[in-house]
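Open the structure in your viewer and keep the sequence beside it. This tour tells you what to select, one stop at a time.

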Amino acid sequence: MYPPESRFAQIDNIDLTDLSFWAQPYGDRDAAFAALRGRPEPVLFREPVMPGFGQGSGYYAMVRHADIAEVSRRPQDFGSEPTAISIIDLPEEFNNFFGSMINMDNPQHARMRRLVSRAFGRGMAAEFEAASRKAARKIVDDLIAEGPGDFVRKVAAIMPIAVLSGMMGIPDDDYEFIYDRSNIIVGTFDPEYVPRADQATAALLKTSHELADYIARLAADRNRNPTGDLITRLVQAQIDGERLSPEELSSFFILLVVAGMETTRNAISRGLVLLSDHPEQRKLLLSDFETYAPGAVEEILRVATPINWMRRTVRRDCEVNGHRFTEGDKLLLFYWSANRDEDVFPDPYEFDITRDPNPHMTFGSVGPHFCLGAHLARMEVTVLFRELFSRLPEIRTVGKPRRLVASFVEAIKHVECAF
């Protein structure tokens, strides 16, 4: 199955910068990226215009799997500084909150990753799985007790918050605080979360301050009263005598809120939608969950692609697969497009939980910035669906999902479930 006929199949009709493009039906989006992949050269798009910011020189859309892989494995040519998460260069005041390792190049990136990986890496797998199982049981208990409703609010959004909060020692009463602030960060231009566009920058700064102050209070408490939880480990983590600064801890916490919680939340919500829309795939999964779950999770991650893109900045004149770039050029790596590249994925628009191999780029590509929490996200999705389908095998989504107004994060804000 291929993208339907669409006006977005014409290059002149495609504007990846316009938020309205990202609100189009998925078929239209697929048609646009298929057209872009068919071009011999990356297309240059205009940058967004924001009050108080100058007009940038534009960015190149990297849409092919091979091109994104090549850029990702060459950090010496394509940097994450000054930012990987914004098309425009952010003012200095944002760096205190969004200057995390996702926006760093080596050696700063390597140092930061070493510090946090000891408290957050694969060595913690058993503890993360226990926390995931505990969270999933309570979430499904509460869902059964309360009855059907908004699956995002009742299940998908709570799972990553509960897992990370439980391990970080964040009280249950603060879940709402974390949930509301994460919505504002990823939904800065969604009127449900920030009613006026001209308030977007102020809302983002205010929310970032609140999260930074919150983690600072928790860190100060753990310095006085270490408990062995994840915050204590992050506060105490050190390499060669170096520890995370308060600013680094704050920016890493905000990274967890956006990348850690939002990615998992959106994979879970889109996953149930996909399984509801494809009953034959759902039946196959439930026929032998342990056999089919690993492939199902990978296919959900591929199709959902919770993070649509990341930015890289060209550090020196260079070439990628025959394309010439100049120092200072901005590139957007569109993982959504790479995950549907016909040269890599047979029948890329089919949802197939037996797809193998499945070299999707949902967690980035090869290179130093491959997602540190990929194993945790996979685990949470698997554990949640195991608990959900073992106790509510008929659960499904009903009605049309309401999608977030955003280009960076691919999210479902609300979708009803029934069982």
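Is Asn321 buried, partly exposed or exposed? Asn321 counts as partly exposed, because its relative accessibility is 46%. Keep in mind that you are looking at a predicted model.

**Stop 1: two positive phi values**

Stay on Asn321. It sits in the loop between β7 (318-320) and β8 (323-325). Its phi is near 45°, which is positive, and the residue is not a glycine. Most residues other than glycine have a negative phi.

Now select Asp347. Here too phi is positive, at about 45°, in a residue that is not a glycine. Asp347 belongs to the loop between α15 and α16. With a relative accessible area of 45%, Asp347 is partly exposed.

**Stop 2: along the loop from α15 to α16**

Remain in this loop and pick Pro357, which also lies between α15 and α16. Look at the peptide bond that joins Asp356 to Pro357: it is cis, with omega about 5°. Most peptide bonds are trans.

Next, select Asn339. It is found between α15 (335-338) and α16 (374-391). Is Asn339 buried or exposed? Asn339 is buried, because its relative accessible area is 0% and the cut-off for buried is under 20%. Show what surrounds it. Beyond its neighbours within four places in sequence, Asn339 contacts Leu301, Arg302 and Thr305. It also contacts Phe345, His360, Met361 and Thr362.

**Stop 3: a second cis bond**

Jump to Pro82, in the loop between β3 and α4 (95-98). The bond from Glu81 to Pro82 is cis, and omega is near 5°.

**Stop 4: the five-stranded sheet**

Color the strands β1, β2, β9, β6 and β3. In that order they form an open sheet of five strands with mixed pairing. Its edges are β1 (43-45) and β3 (78-79), and each of these pairs on one side only.

Move inward to β2 (residues 59-62) and β9 (residues 330-334). These strands run parallel and are joined by three bridges. Which residue in β9 is the bridge partner of Met62? Select Leu333: it is the partner.

Then add helix α3 (residues 65-72). It packs on the sheet and touches β2, β3, β6 (309-314) and β9. The direction of α3 makes about 125° with that of β9. Because seven of its eight residues are buried, α3 is largely enclosed by the rest of the structure. Select the buried ones: His65, Asp67, Ile68, Ala69, Glu70, Val71 and Ser72.

**Stop 5: another strand pair**

Select β10 (residues 396-403) with β11. They pair in the antiparallel sense over five bridges. Val398 has Glu416, in β11, as its bridge partner. Strand β11 (residues 412-418) is mostly covered, with six of its seven residues buried.

**Stop 6: two crossing helices**

Show α12 (residues 246-277) and α14 (residues 289-304). Their axes come within 9 Å and cross at roughly 105°. That angle makes α12 roughly perpendicular to α14.

Which residues meet here? From α12, select Ala267, Arg270, Gly271, Leu274 and Leu275. From α14, add Ile300, Leu301, Val303 and Ala304. By class, this contact has seven nonpolar residues, one polar and one charged. Leu301 may look familiar: it is one of the contacts of Asn339.

**Stop 7: the largest nonpolar core**

How many residues does the largest nonpolar core have? It has 133 residues. Highlight Leu16, Phe151, Phe334 and Phe385, which have the most contacts inside it. Helix α12 gives the most to this core, with 15 residues.

Zoom in on Leu16. Setting aside residues up to four places away in sequence, Leu16 touches Phe21, Trp22, Phe33 and Leu36. Phe45, Tyr59, Ala61 and Phe334 are also touched by Leu16.

**Last stop: Ile184**

Select Ile184 in helix α9 (residues 175-186). Then mark Leu204, which is 20 residues away along the chain. The C-alpha atoms of Ile184 and Leu204 are separated by 6.9 Å. Outside its neighbours within four places in sequence, Ile184 is in contact with Tyr193, Val194, Ala203 and Thr207.

Technical notes:
Residues are numbered from 1 along each chain as its sequence is written. This is a predicted model: local features need pLDDT of at least 70, side-chain atom pairs count only at pLDDT 80 or more; totals for chains, interfaces and linings use all residues. Side-chain values use heavy atoms; hydrogens and water are left out. Helices (H or I, at least four residues) and strands (E, at least two) are DSSP runs, numbered from the N terminus. Buried means under 20% relative accessible area, exposed over 50%, partly exposed in between (1.4 Å probe, protein chains only). Contact means heavy atoms within 4.5 Å. Two strands pair if DSSP finds at least two bridges between them. Axes are lines fitted to C-alpha atoms, for helices over the stretch in contact, and angles run from 0 to 180 degrees between N-to-C directions. Angles under 35 degrees count as roughly parallel, over 145 as roughly antiparallel, 65 to 115 as roughly perpendicular and the rest as oblique. Ala, Val, Leu, Ile, Met, Phe, Trp, Tyr, Cys and Pro count as nonpolar, Asp, Glu, Lys and Arg as charged, and the others, Gly among them, as polar. A nonpolar core is a set of buried Ala, Val, Leu, Ile, Met, Phe, Trp, Tyr and Cys residues joined through side-chain atoms within 4.5 Å.
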